[in-house]
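Here are my notes after a pass through the model. They are in no strict order, so read them with the viewer open.

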Amino acid sequence: NAHFNLGCIYDEGDGVEQDVARGVRHFQHAAIRGHPESRYELGCHGYNERNHELAVQHWMISAKLGCEQSLNVIKKMVME
């Protein structure tokens, strides 16, 4: 959870200078350790960078780990 929290802080610039790349690195560390919300965030970053295949991979893993947000994103993409 610490890496996820740091990822959020740096990604949003909450109390620190915003550093998206540093936030992503923290999300990656948390994701490797099985943190589903970190995978969701990595999926969002991948999608925003137009790497949709990577985004879907992250969201699928996250959904399998029980992240409702990822499941909803995947459902929405299928419905479109």
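**Notes on the predicted model**

1. Let's start with His45, which sits in helix H3. Keep in mind that this is a predicted model. Is His45 buried or exposed? Its relative accessibility is 13%, under the 20% cut-off, so His45 counts as buried. As for its company, once the neighbours within four places in sequence are set aside, His45 is in contact with Asp11, Val20, Val24 and Phe27.

2. One of those partners, Asp11, takes us to helix H1, residues 2-12, where Asp11 is among the buried residues. The others on that list are Phe4, Gly7, Cys8 and Tyr10. What do the buried residues of H1 pack against? They pack against two helices, H2 (20-32) and H3 (36-48). Just past the end of H1, have a look at Gly13, whose phi is positive at about 70°.

3. Next, H3 and its partner H4, which covers residues 52-64. The two axes come within 7 Å and cross at roughly 165°. Angles over 145 degrees count as roughly antiparallel, so that is what H3 is to H4. The handedness of the crossing is left-handed.

4. Who makes that contact? From H3 it is Pro36, Arg39, Tyr40, Leu42, Gly43, Cys44, Gly46 and Tyr47, and from H4 it is His52, Ala55, His58, Trp59, Ile61 and Ser62. Sorted by class, the contact of H3 with H4 has eight nonpolar residues, five polar ones and one charged one.

5. Now the cysteines. How many disulfides does the structure hold? The count is zero. A disulfide, remember, is a covalent bond between the sulfur atoms of two cysteines. For Cys8, the closest cysteine sulfur is in Cys44, 11 Å away, and that is too far for a bond. For Cys67, the closest cysteine sulfur is in Cys44 too, at 8.9 Å, again too far for a bond. The cut-off for a pair of sulfur atoms is 2.5 Å.

6. A last point on those two residues: are Cys8 and Cys67 buried or exposed? Cys8 has a relative accessible area of 18%, so it counts as buried. Cys67 is buried as well, with a relative accessible area of 3%. As for Cys44, look for it in the list of H3 residues that make the contact with H4.

Definitions and conventions. Residues numbered from 1 in each chain as written. Predicted model: local features only at pLDDT ≥ 70, side-chain atom pairs only at ≥ 80, totals over all residues. Heavy atoms only, no water. Buried < 20%, exposed > 50% of the residue type's maximum accessible area, 1.4 Å probe, protein only. Helix = DSSP H or I, 4+ residues; strand = E, 2+ residues; numbered from the N terminus. Contact = heavy atoms within 4.5 Å. Axes fitted to C-alpha atoms, helices over the stretch in contact; angles between N-to-C directions. Parallel < 35°, antiparallel > 145°, perpendicular 65-115°, else oblique. Left-handed = near helix turned anticlockwise from the far one by under 90°. Nonpolar A, V, L, I, M, F, W, Y, C, P; charged D, E, K, R; others polar.
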